[in-house]
Amino acid sequence: MGSVETVQGAVDAEELGVVLAHEHVRFRDEAVAAEWPGRYDEQLELDAALVAVNDAKDRGVQTIVDPTAMFGGRDVRFMKRVADQSGVKIVACTGIYSYDYLPHYFENRDVDVMADHFVEDIERGIQGTPIKAAFLKCAADAAGVTEHVEKIHRAVARASLQTGAPIMAHSMPAVGTGPRQVEIFAEEGVAPAKVQIAHCGDSDDVDYIQGLIDSGVYVGLDRYGLEMYLPIEKRNAVAAELLRRGHAERLMISQDFCASIDWFPPEAAEVFEASGAIRNWSMTLVFDEVVPALRELGALDDAGFDTIFRANPRRWLTA
Ligand SMILES: [Zn+2]
């Protein structure tokens, strides 16, 4: 079956167990955090991460795939502290999370040089540690697949070809980025079974998602709780329909929860919850509400659960 790199070292893929395919133990603007560290409280962030991860562990989660890349404040030492103290395995990535901006450093270097940086994280280790990246991350959002975004996608694809590491691509269904992202990976020669297009579940256009599945990639229904993009009932209806159509083997269900995030001032969480922009956003929502609802709808049984939460992440990570 093969092994998978985690922040605590390589493990046999069988040991991953129940997996949340897309969660962040911490998310922050790394430039701000580097320049004004006094604005951050690492102990509070660690406590928040441990509460979230331990809650997930209570629901049976054994592994969390954390796609925090460059610009999300990736910090594998922090991830390892969370993994060590919770006993939950964390799978880290390499790549660049940008909707367009590229530092001059990468703007003035070519795609293959960028890919070399990612390969180094996969083969040698991240941030001066022996912790290796298990997958690659890139993103396309409201701006679409811009020139810079395309460059990152191609670098990620080339690093995947060199190392065998799979790819997760943040997408934005509202502007239909998914098909172009899939196309770029195909142009570079990446097998679709290595590719996961994240955030497809922000759309209730089942045929759009079906189109991506037909190309052979995995799709993420991975933002449960972020009602501002799509409320949970509509997310469940999409999931149920895809399951009825027999696509369990292509779905990743998760929450894209950030145990802490600095994008908004601290009081914003309450405002978002009060206005309905988020609802019960956590690392446990899919177990507390989504799985029971899908079972109720007759769309999910024990075998389907194992396919989505065990087999799919394992198959993708070892593709
Ligand atoms: Zn995310």
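Two strands are said to pair if DSSP finds at least two bridges between them, and this rule underlies the strand orders named in the legends below, which describe a predicted model.

**View 1. The open sheet of three strands.**
Three strands make up an open sheet in the order β3-β4-β5, and their pairing is parallel. At the edges stand β3 and β5 (89–91), each of which pairs on one side only. Strand β4, covering residues 63–65, pairs with β5 in the parallel sense over three bridges, and within this part of the sheet Ile 64 stands opposite Ile 90 in β5.

**View 2. The open sheet of six strands, with a helix packed on it.**
A further open sheet has six strands, which follow the order β6-β7-β8-β9-β10-β11 and pair in parallel. Its edge strands are β6 (93–95) and β11 (251–253), each pairing on one side only, and from one strand to the next the twist averages 25 degrees. Helix α6, residues 147–163, packs on this sheet and touches both β7 and β8, while its direction makes about 170 degrees with that of β7. The two strands touched by the helix are themselves partners, since strand β7 (residues 135–139) and strand β8 (residues 167–170) pair in the parallel sense over four bridges. Leu 136 stands opposite Ile 167 in β8.

**View 3. The hairpin of β1 and β2.**
Strands β1 and β2 form a hairpin, with two residues between them. In contrast to the parallel sheets of the earlier views, β1 and strand β2 (residues 9–12) pair in the antiparallel sense, over four bridges, and Thr 6 stands opposite Gly 9 in β2. In a regular strand the side chains alternate between the two faces of the sheet. Strand β1 (residues 3–6) shows such an alternation, for Val 4 and Thr 6 point to one face and are buried, whereas Ser 3 and Glu 5 point to the other face and are not buried.

**View 4. The zinc ion and its donors.**
The zinc ion is coordinated by the NE2 atoms of His 22 and His 24 together with OD of Asp 256, at 2.1 to 2.2 Å. Along the chain these donors follow the spacing H-x1-H-x231-D. His 24 lies in the loop between β3 (19–20) and α1 (30–35), and Asp 256 lies in the loop between β11 and α10 (268–275), so this pair ties together parts that are 232 residues apart in sequence. His 24 has a relative accessible area of 2% and is buried; Asp 256, with a relative accessible area of 7%, is buried too.

**View 5. The cavity and its lining.**
A search of the whole structure finds one cavity of 30 Å³ or more, and the volume of the largest cavity is about 40 Å³. The residues that line the largest cavity include Val 25, Arg 26, Asp 66, Thr 68 and Gly 73, and among them are also Arg 74, Asp 75, Phe 78 and Met 79.

**View 6. Two loop residues with positive phi.**
Phe 71, found in the loop between β4 and α3 (76–86), has a phi near 85 degrees, which is a positive value in a residue other than glycine. Asn 280 is not a glycine either, yet its phi is positive at about 50 degrees. Asn 280 has its place in the loop between α10 and α11 (285–296), where Asn 280 is partly exposed, with a relative accessible area of 37%.

How values were computed: Residues numbered from 1 in each chain as written. Predicted model: local features only at pLDDT ≥ 70, side-chain atom pairs only at ≥ 80, totals over all residues. Heavy atoms only, no water. Axes fitted to C-alpha atoms, helices over the stretch in contact; angles between N-to-C directions. Contact = heavy atoms within 4.5 Å. Donors = N, O, S within 2.8 Å, 3.2 Å for Na, K, Ca; no water. Buried < 20%, exposed > 50% of the residue type's maximum accessible area, 1.4 Å probe, protein only. 1 Å grid on protein atoms, 1.4 Å probe; cavity = no way out; pocket = protein on both sides within 12 Å on 5 of 7 lines; lining within 4 Å. Points joined across faces, edges and corners; volume = space filled by probe spheres on them.
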